[in-house]
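The following report introduces a protein structure to a reader who has not met it before. It proceeds from general terms to the sheets, the helices and the core.

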Amino acid sequence: MDQKNDVIIAGGGLAGLIAAIHLSKAGLKVTLFEKHSYPQHKVCGEYISNEVIPYLQSLGADPSALRPTTINKFQFSSTSGKLISAPLPMGGFGLSRYAFDHFLMQKAQENGCIIIKDTVLHIDFKGNELEVHTTGNGILNAPVVLGAYGKRTALDNKLNRPFMKQSSPWLAVKAHYSGPFDENMVALHHFNGGYCGVSKVENDRINICYLSDYNTFKKYRSMEAFQEQVLFKNSHLKALFENCTIEFDAPLSIGQISFEKKEAVKNHVLMIGDAAGLIHPLCGNGMAMAIHSAKICAEQVINFSIHKKGSREDMEQQYRQLWLYHFKNRMQMGRILSTLLRKEILADFMTSSLANFPFILPQLIKRTHGYYL
C-alpha cells in the first residue's frame, strides 16, 4: 500500500466504521481491515437507543435514510409468563446490522477511508509506531491502531488478554422473522438459562435474538428441541415463534461470548466496541455503547494526532478514564440484572415487584442507557 496511515482500524463492525468516519472527516488517513464482505447479517439485538442520533447526524450518517422502526415501548416477561410494560425513556430505533453496517461502510469510503477485506493476525508496538500484521497485505505501520474486531478473536490471544483465560459459557442465536409484532416495542422474554430480545427492524422484519447458558443449551439434541422444550415454557415466546415465519435459511449463532472485564487499552492498541467491553444484551444497548466508545476514542486520537495535545501515554490514559466514566456503571448494572434473571425464582420475584411498582422499571432502563451524544 502506498498510503501512509495515520490510523489503522482492525475490524469493520459498528464501532470500527463509526471511528473510521469520524477520523476520516477530521482529515486523518485511515485504513480499516475487515475479514468479511459487506453487507452481512450479524448476531445482534439490533435495537439502538436514540442517544446516538445527534452524533450520527453530525457525522453525516443519519440512519433515518434506512427507514428504521421507531421504538418507544418496553416489555418484559418472566419464565412463568408474568408480563410488565413501560414507556422506553428516550426511545430508540430498530435497524439491522445488514443494512446499517453497509451504510456506514459507504460513508467511511466517501470520507476517504480505505477499507480492505483481510484479517489482522497480530499487532506489535515498535519504536513509536504499531506494526499490523495481516494475512494478505503484509505488515503495515501506523502511529495509532484501534481494535474494533468484536467480542472474541484469535487476536485477543496474541495480545495476551486476561479474559481469554476464563470460561465463556454464553451462546447467542439470532434470525429475522415475519409475523405479527408491535413495531414500536422492544421486548425481553426470560427463559430458564437465558433471555430473548425481540424488536422490529426495517422492511417489517422481526429480529429475534436470544442468549443462553451453553450448559443449558447443550442438553438438547438440536436448536429446535431447545427452543420447544426451554423457550416455549414462556408462553409469550411460544406464541411468538408459533405465529412467525423465519426469513433466514437457518438461524445464526455464536459461542464463547464473554462478559468479563476487558482493558480499554492493551499493548498501545485502543479498544472500542465489544473489544473494549460487552454489555449484557438484556440491557438492550450494546450498539449505542459501541458507537459512543468510537466517539470518545476518535476524539482522543484527533487531540493526539492533529492537535498534538499530550503524549501517547496521555491519550491512552484519557481514553481509559473516559471509558470508565461513561460505561462502568452501565456495565455493572448489566451484570447485576443478568445475575438476577438467570435465577428463575429471582426473575419471577423481580417481575412481580416491578408489576406492583411499575415506576421503577423506567429507572432501571435509564441506568443502562446514556444521554444524547
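A residue counts as buried when its relative accessible area is under 20%, as exposed when that area is over 50%, and as partly exposed in between, using a 1.4 Å probe and protein chains only. P89 counts as buried because its relative accessibility is 17%. The structure is a predicted model, in which local features need pLDDT of at least 70 and side-chain atom pairs count only at pLDDT 80 or more, while totals for chains, interfaces and linings use all residues. Residues are numbered from 1 along each chain as its sequence is written, and side-chain values use heavy atoms, with hydrogens and water left out.

**Overall composition**

The protein has 11 helices and 18 strands. Helices (H or I, at least four residues) and strands (E, at least two) are DSSP runs, numbered from the N terminus. Of its 373 residues, 56% count as buried. Contact means heavy atoms within 4.5 Å. Among the contacts with a separation of 6 or more, 72% are accounted for by residues 24 or more positions apart.

**Strands and sheets**

Two strands are said to pair if DSSP finds at least two bridges between them. Strands of a sheet pair through backbone hydrogen bonds, either parallel or antiparallel.

An open sheet of 6 strands follows the order β6-β2-β1-β10-β18-β17, and its pairing is mixed. Its edge strands, each pairing on one side only, are β6 (114-117) and β17 (265-266). Within this order, β1 (residues 7-10) and β10 (residues 144-147) run parallel and are joined by 4 bridges; V7 has V144 in β10 as its bridge partner.

Another open sheet is formed by 3 strands in the order β7-β8-β9, with antiparallel pairing. Here the edge strands are β7 (120-126) and β9 (139-142). Neighbouring strands of this sheet are turned by 25 degrees against each other on average, direction ignored; such angles run from 0 to 180 degrees between N-to-C directions, and axes are lines fitted to C-alpha atoms, for helices over the stretch in contact. In the pairing of β7 with β8, F125 stands opposite L130.

The table lists strand pairs with their direction and number of bridges.

| Pair | Direction | Bridges |
|---|---|---|
| β7 and β8 (residues 129-134) | antiparallel | 6 bridges |
| β4 (residues 69-77) and β5 (residues 83-94) | antiparallel | 8 bridges |
| β4 and β12 (residues 185-191) | parallel | 5 bridges |

Strand β4 therefore deserves a closer look. In its pairing with β5, T70 stands opposite F93, and in its pairing with β12, K73 has M185 as its bridge partner. The hairpin of β4 and β5 has 5 residues between the strands, and G81 takes a positive phi near 100 degrees there. P89, the buried residue introduced above, lies in strand β5. Its C-alpha atom is separated by 9.5 Å from that of N50, and the two residues are 39 residues apart along the chain.

**Helix packing**

Helix α1 (residues 14-25) packs with helix α3 (residues 97-110) at an angle of about 25 degrees, and their axes are 9 Å apart. Angles under 35 degrees count as roughly parallel, those over 145 as roughly antiparallel, those from 65 to 115 as roughly perpendicular, and the rest as oblique. The helices α1 and α3 are therefore roughly parallel to each other. Their crossing is left-handed; a crossing is left-handed if the near helix is turned anticlockwise from the far one by less than a right angle, and right-handed if clockwise. The residues of α1 that meet α3 include L17, I18 and I21, and those of α3 that meet α1 include F100, L104 and M105.

Helix α1 also meets α8, and the axes of α1 and α8 come within 8 Å and cross at roughly 35 degrees. The crossing of α1 and α8 is right-handed. On the α1 side, L14, A15, I18, A19, H22 and L23 take part, and the residues in α8 include A290, I291, A294 and V301. In addition, α1 lies across β1, β2 (30-34), β6 and β10, running at about 165 degrees to β2.

**Nonpolar cores**

A nonpolar core is a set of buried Ala, Val, Leu, Ile, Met, Phe, Trp, Tyr and Cys residues joined through side-chain atoms within 4.5 Å. The largest such core has 76 residues, and those with the most contacts inside it are F100, L146, V301 and Y319. Helix α8 (residues 286-305) provides the largest share of this core, 12 residues. Which residues does Y319 touch, not counting residues up to four places away in sequence? They are A264, V265, L270, M271, I272, A276, S293, I296, C297 and Q300. A second, separate core has 24 residues, including F191, I208, F217 and V230.
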